[in-house]
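Me: I am new to this structure and should be grateful for a close look at one part of it. Please begin with the nonpolar core and then turn to the unusual points of the backbone.

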Amino acid sequence: MLRNKVSVNGLLALLAGLFFIVAALPATPAQALTCQVSPDDIPINLFYNGATLTVTGTSGPGDDLLVKISSTTGDVHLKYKGKASGLFWMKMGNMEFKNVPNVYMLYSTGSIETMVDAAGRTANVLGYDALRAGSTMERTDGVEVEAKWFDEYLKFKKAENLYNVQEGTIVRRHGETGDEYTLTVAWPFQAPPANYTVEVFAVRDGQVVDRASAPITVEQAGVVKQLSGLAFNNPAVYGVLAVIIAMVAGFAVGAIFKKGGGSH
Amino acid sequence: MFMYLPIALTSVNYLVVTGLGLAVGLLSGLFGVGGGFLMTPLLMMIGIPPTIAAATDANQIVAASASGTLAHWRLGNVDYKMGLYLLIGGFVGGAAGVQVIKILRATGGADFLIKMTYVVMLGVVGSFMFVESLNAMRKSKANAGASEAAPAKKSGGLLSKLPMQTVFEKSGVTHSALLPLGLGTFVGVLAAIMGVGGGFLMVPVMIYLLRMPMHVVVGTSLFQIMFTCTEVTFLQAYSNRTVDFLLALLLLIGSVFGAQIGTILGRKLHGEQLKVLLSIIVLAVTVKIILELVMEPSLLLAYAGGH
């Protein structure tokens, strides 16, 4: 009898212990942030006109997300325009934008300013203000550059389709253990051959809590690669071929027109 | 519909580009101009970087001018002797003009000089041709056919006293060989400064200063442009790697046909009508450049190169 009582008490204690252990654990483990890009290799062939990229992955339940696609940072050299003699608009000199990426695209699940605090935006270079904060501008003649020129720089890059910020474009599906997300990006043909990085940021309570990344390679292929290689590695041969083909084409069409009955 | 250009690093609608080639080739066959002063801005408008637009344009002009030269050679419209003198002058002037630009770029005054040269030269040439052609059309109505029987023209005044007087049988003129050499050099300098083949300058020079008949002017100008643009294409490809052959191929597919159509059309138009048409096009380009100069551009930053 006593022996039975002890074993029942032991079982109850064991069950209570298990209950506390299970209660101490989260109900379901948070899903890790992942990132996949398809295609991750974009060949620039003869009929290339940009590509459609799909960024997919999983994230913790309810986390807001940002996807940043960018090239490595460097210096961009441009000419600035101004009024010569107070009358004519023309290129006046050189301006250098330092520590900026050549390509910068940012997508989010919602308003970036309300999702991430200012410090988080600056630290992770999320948004045009963060880009501005991390860069400097210089004129080759040494004259100080006014802040408005960074706006002109953004305008120039947006017109080239190389800079783009779109809020609310990441689509999420909520699951039991977390979310799945999808982003479709129209990759611009203007983006030059290079290595790019896709970074995904998970945001909770204004803070970046997790990140994942994947690379993309954009490279020339086929005829485009061969012609480019010839132009840069054998410019004399390329130049002679360009002239010969143009002349032959001109004379050949001239001959065709004569055969067509254009006797003079 | 789209094709990627390996040197320009951009994608273009190949039907649009071939159509541009056709339109400019048509002008080439009609007027004997290479069309660089029209094509380069048009290419820039469809997103081709300025330096590549200018260099590739020279490449396609080789095809258009070869096609046009062949058509005009069959018509007996090419004065090879005159073309050769102008060509020699053009090469010398071109080399000198490149040096002028180098010096001006170093001092920072190049862009201003280029723009002003464009406006002044196009404006003066266009206005003069327009007024002169209208007057000639009025006169020809008054006494039709008189000009056909005109004897070979000779340089007058001081020009007739210059040494090396030469008869240019095909054009029916007699000039000192120094005159086409000097004029070729002058046009070569301006063409190098403006970054164009110089056909729209050479044509009025041949008409008004060398007094050549319009149809020989067109054929001879194309003959000269073919060689000038061959040199420019090779130098740009070799020194600057700015010739996009795929782009040139698309343009020349259109331009070689355009040049032939232009030549056939040209036979149906009178010389004065051709001059009026060319002057209107030149003046329209001048107005466009003036508007670009005085109106604030939408983008205040640009890549280096071009005008």
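Reply: The following account takes the core and then the backbone. The model is a predicted one.

The largest nonpolar core comprises 59 residues. Within this core, the residues with the most contacts are A:I69, A:Y153 and A:W187. Strand β12 of chain A, residues 194-204, supplies the largest share of this core, namely 6 residues. The surroundings of A:W187 may be described in greater detail. When its neighbours within four places in sequence are set aside, A:W187 is in contact with A:I42, A:Y48, A:G50, A:A51, A:L53, A:I69, A:V103, A:M105, A:Y196 and A:V218. There is also a second, separate core of 49 residues, which includes B:L30, B:M116, B:M206 and B:V285.

The backbone deserves attention next. Most residues other than glycine have a negative phi, and most peptide bonds are trans. The peptide bond from A:S38 to A:P39, however, is cis, with omega near -5°. A:P39 lies in the loop of chain A between β1 (36-38) and β2 (41-44).

Positive phi values are found in both chains at the residues described here. In chain A, A:N99 has a phi near 60° and is not a glycine. A:N99 belongs to strand β6, residues 88-101, and is partly exposed, with a relative accessible area of 41%. In chain B, B:L9 has a positive phi of about 55°, although B:L9 is not a glycine. B:L9 is placed in the loop between β1 (2-5) and β2 (10-13) of chain B. With a relative accessibility of 33%, B:L9 likewise counts as partly exposed.

Notes: Residues numbered from 1 in each chain as written. Chains lettered and ligands numbered in written order. Predicted model: local features only at pLDDT ≥ 70, side-chain atom pairs only at ≥ 80, totals over all residues. Heavy atoms only, no water. Core = buried A, V, L, I, M, F, W, Y, C linked by side-chain atoms within 4.5 Å. Buried < 20%, exposed > 50% of the residue type's maximum accessible area, 1.4 Å probe, protein only. Helix = DSSP H or I, 4+ residues; strand = E, 2+ residues; numbered from the N terminus. Contact = heavy atoms within 4.5 Å.
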